[in-house]
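Me: I have a structure open on my screen and would like a close look at one part of it. Could you walk me through a strand in the middle of things, along with its surroundings?

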Amino acid sequence: MDNILVVGASGTVGLELVRILKSKGHNVIHATSKVEDLKPNQVHLNVVTKVGLKNAFEGVDKAFFLSPPGYANQHELLIPLIEQAKINKLKKVVLMTAMGANAVDSAPMRMAEVYLEKSGLQYNIIRPNWFMQNFNTFWLQGILSQNKIFLPVGKAKGSFIDARDISAVAANLLENDKFNNQDFDLTGNDVLDHDQVAQVLSEVTGSKISFQDITSNEMLSGLLGAGLPKPYAEFLIMILGFFKLGYAERVTENVEKILGRKPIAFKQYAKDYKSSWVK
Ligand SMILES: NC(=O)c1ccc[n+]([C@@H]2O[C@H](COP(=O)([O-])OP(=O)(O)OC[C@H]3O[C@@H](n4cnc5c(N)ncnc54)[C@H](OP(=O)(O)O)[C@@H]3O)[C@@H](O)[C@H]2O)c1
């Protein structure tokens, strides 16, 4: 059994990843940016300030890395983690970036991927598509207040992935060496536009939820109004633009290849998270 450091342990992917790893008997070290009231299995590690970096890796065998949302300079957050993993001679690192991150080598997430690929460490890179869980987190407010999903994506479709599948894939890759040093784009099987997403949410909740296409400028104003830092808000507008151009439509077989089962369907996600949208 391994000592596994999980960055983002309290987040959408990390929480379920921690649950799976613990259920397999691993000792999981939960990295957190919080400084107070740490539980025995938590360690302070701030990937922005680098405070706690060396300490967090003590006794660690393997690690899962992500860059927290809110930052567009992801390489500056991730590369020091990879460097520390090298210093501590970790047996394996699983890095989560995002589908499309490897489109150009100058993209911040890609710079971190290349650094890991050249590090000499055993690794996997996973690049998930847009999460289904965005509908019960980032896009939730519009659904609760106006029964609407507001996004600047037109009729473009996405092969949304359930974050629970990402956690299961990450756990599998951390445990097994079969796929070492490979990268995987991760998608669901259902390819839906946002009218179709809204229809499924309407069916499951019993209330009429609809999609409203908005302009990128309207979206940007909303994000800035919600307090997002400008560089990150602009990054989100850029990747929503890629969604609108159709880059999120692609389906891969990688979840099934790694887990030996189909990805979770969008309707199943909606049923499991129904309480998020029922007022
Ligand atoms: N949402 C999508 O559709 C999508 C699609 C593809 C890829 N992604 C990628 O997924 C990642 C986000 O994953 P997620 O949704 O699972 O995360 P999340 O739910 O937003 O949680 C963020 C995590 O990061 C930790 N964190 C925040 N600030 C930190 C800091 N300064 N230092 C260390 N840890 C910090 C938080 O824990 P504490 O509060 O305890 O520090 C929390 O566990 C991003 O890299 C994003 O690009 C997202």
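Reply: Happy to; here is a walk along strand β5, its partners, the core and the ligand shell.

Please keep in mind that this is a predicted model, in which local features need pLDDT of at least 70, side-chain atom pairs count only at pLDDT 80 or more, and totals for chains, interfaces and linings use all residues. Residues are numbered from 1 along each chain as its sequence is written.

Let's begin with the sheet. Seven strands make up an open sheet with parallel pairing, in the order β3-β2-β1-β4-β5-β6-β9. Strands here are DSSP E runs of at least two residues, and helices are H or I runs of at least four, numbered from the N terminus; two strands pair if DSSP finds at least two bridges between them. β3 (42–44) and β9 (182–186) stand at the edges with a single partner strand each, so one side of each has no neighbour in the sheet. From one strand to the next, the twist averages 20° (axes are lines fitted to C-alpha atoms, and angles run from 0 to 180 degrees between N-to-C directions).

Now to β5 itself, residues 92–96. On one side, β4 (residues 62–65) pairs with β5 in the parallel sense over four bridges, and Lys62 stands opposite Lys92. β5 also pairs with β6 (residues 123–128), again parallel and over four bridges, with Val93 opposite Tyr123.

In a regular strand, side chains alternate between the two faces of the sheet. In β5, Lys92, Val94 and Met96 point one way, and Val93 and Leu95 the other. Five of the five residues of β5 are buried, so the strand is largely enclosed by the rest of the structure; buried means 20 or more other C-beta atoms within 10 Å of a residue's own, with C-beta atoms placed from the backbone.

Val93 and Leu95 are also among the residues with the most contacts inside the largest nonpolar core, which has 77 residues. Such a core is a set of buried Ala, Val, Leu, Ile, Met, Phe, Trp, Tyr and Cys residues joined through C-beta atoms within 7 Å. Helix α6 (residues 163–175) gives the most to this core, with eight residues. Ala170, another of the residues with the most contacts there, touches Val94 and Met96 of β5, among others (contact means C-beta atoms, placed from the backbone, within 7 Å).

Finally, the ligand: of the 26 residues around it, Gly11, Thr32, Ser33, Pro68 and Ala98 come nearest, where near means a C-beta atom, placed from the backbone, within 6 Å. Helix α1 gives the most to this shell, with three residues.

How values were computed: Buried ≥ 20, exposed ≤ 12 C-beta atoms within 10 Å, placed from the backbone. Contact = placed C-beta atoms within 7 Å. Lists of a residue's contacts leave out its neighbours within four places in sequence.
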